[in-house]
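Good morning, and thank you for coming. I would ask you to have the sequence and the structure open before you while I speak.

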Amino acid sequence: MSTKPPPLLMALTAVSACMMTAAVWMIFFDTPEERVMGFVQKIFYFHVPSAWGLLFYGVPLAAVGSVGYLATKDERWDRISDAGVELAIVFGSMVLVSGPLWGRKAWGAYWVWDVRLTSTLVLVLSMVACKIIRGYAGQGAKTAAAGLALFALLNSVFVYYSVDYFRGTHPTKVAMQGKLAPEMARTFWFCVLTFMLTAGCLTWARLRTGQLRSALDQLHQRMTEAGLED
Amino acid sequence: MPPLPWLLLALALLAAPLSLPARAFAEGATTSSTAPPNPAAPEKKPLPPGFEPVKGGEARAAQVDANALVVAAYAAFFLLLFGFVLHVVRTQARMAAELKELSSKLDRLGKG
């Protein structure tokens, strides 16, 4: 296989970098401040898309890969699951860092043990556990990690609906219910699009890492058969 | 056979706790029926439906500098994103170099 990244991936990455720059410009220079929360509300434009990246992209991708792996035991499905887990950790970390910073101004506290916050923390920790299990649990690690990813998918549904059923400190789904002013909505949906493209590029790149690892493993096996390695 | 005074004392001790709730109920009934409600007394605050709001949160929040929080949040976003991209790029570069080395070794072996 070719060790050079595909030109289309490079082009899409360049486009997503340009969109990310444009998104930051729109957030700080083109979108008005919110009346009650003021400047700190600017965190919203990256906080929510990264939360959606966790709930609607990373975790479902890990779960789809897990179902495929459990059904077929094909390594390619496991690579998809692994990529989903890593993306979920990245997006989840973004949410868990930016949320408390916003909460410090909005609520006067970095963290409250609200249902939405706590279940999101559990979700991200379960993704981290997936990664640890896959790396260190030995035989059957991939199956165990796949099972945990499916549990995480159930938890992600709980995280999404928790603000409706347990009215706590965390606000409700502002963007989904069309409660944004048009100039804020335009910036927000542009950020969502940017995050989707970025997530797509990261997945492609991460899947290439899996392919390279697989090719490397095959070569190591050939070397062992040829008596060049132990 | 126990003497009668001891039996009476034992009965009185057993009956004493039973009479307490009845007495309290009777007292409550008399006070509620006779004493008018005191308007100066502080009203009992109803409990929130499930969560306690953060105490003193608004006062603390007013003192916090929003600029620093927003800068920190966006710095974290980009650090995490570029950190992940850098990790993927470095891993792929290392693997590509190893693949090249192993392939050339195997080629030499095949020719030899």
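I shall describe the two chains in turn, then a pocket, and then three individual residues.

Please keep in mind throughout that this is a predicted model.

Let us begin with chain A. Its secondary structure consists of 6 helices and 0 strands, so that, read from the N terminus, the order of elements is α-α-α-α-α-α. Taken along the principal axes, the box filled by the C-alpha atoms of this chain is roughly 70 × 40 × 25 Å.

How much of chain A is buried? Of its 230 residues, 49% are buried. As for contacts, consider those in chain A between residues at least 6 apart in sequence: 73% of them join residues that are at least 24 apart. The accessible surface of chain A is about 11000 Å², and carbon and sulfur atoms account for 66% of that surface. Chain A also carries 20 positive and 15 negative charges, and the mean positions of these two groups are 5 Å apart.

I turn now to chain B. Here there are 3 helices and 0 strands, in the order α-α-α from the N terminus on. Chain B has 112 residues, of which 18% are buried. About 9100 Å² of chain B is exposed, with 69% of this area supplied by carbon and sulfur atoms.

The next topic is the largest pocket. The space within this pocket comes to about 870 Å³. Which residues lie closest to its centre? Among the 39 lining residues, they are His47(A), Val48(A), Trp102(A), His170(A) and Pro171(A). Four helices of chain A each give two or more residues to the lining, namely H2 (44-72), H3 (75-106), H4 (115-136) and H5 (141-165). The largest share of the lining is that of H3(A), with 8 residues.

Helix H3 of chain A leads us to our first individual residue, Ser81(A), which is found in that helix. Is Ser81(A) buried or exposed? Its relative accessible area is 2%, and therefore Ser81(A) is buried, since buried means under 20%. Leaving aside neighbours within four places in sequence, Ser81(A) is in contact with Leu61(A), Ala62(A), Gly65(A), Ser66(A) and Arg134(A).

Our second residue is Thr198(A), located in helix H6 of chain A, which covers residues 182-225. Thr198(A) counts as buried because its relative accessibility is 8%. Which residues does Thr198(A) touch? If we do not count residues up to four places away in sequence, Thr198(A) touches Ser16(A), Met20(A) and Leu81(B). Please note the chain letters in that list: Ser16(A) and Met20(A) carry the letter A, while Leu81(B) carries the letter B.

Our third residue is Lys73(A). Where is Lys73(A) found? Its place is the loop between H2 and H3 of chain A. The phi angle of Lys73(A) is near 60°, which is a positive value in a residue other than glycine. Lys73(A) has a relative accessible area of 46% and is therefore partly exposed, because this class lies between the limits of 20% and 50%.

To conclude, I would ask you to find these three residues on your own screens: Ser81(A) in helix H3 of chain A, Thr198(A) in helix H6 of chain A, and Lys73(A) in the loop between H2 and H3 of chain A. Thank you for your attention.

Terms used
Residues numbered from 1 in each chain as written. Chains lettered and ligands numbered in written order. Predicted model: local features only at pLDDT ≥ 70, side-chain atom pairs only at ≥ 80, totals over all residues. Heavy atoms only, no water. Buried < 20%, exposed > 50% of the residue type's maximum accessible area, 1.4 Å probe, protein only. Contact = heavy atoms within 4.5 Å. Areas by Shrake-Rupley, 256 points an atom, 1.4 Å probe, with all protein chains shown as cover. Lys, Arg positive; Asp, Glu negative; His and termini not counted. Charge placed at Lys NZ, Arg CZ, Asp CG, Glu CD. 1 Å grid on protein atoms, 1.4 Å probe; cavity = no way out; pocket = protein on both sides within 12 Å on 5 of 7 lines; lining within 4 Å. Points joined across faces, edges and corners; volume = space filled by probe spheres on them.
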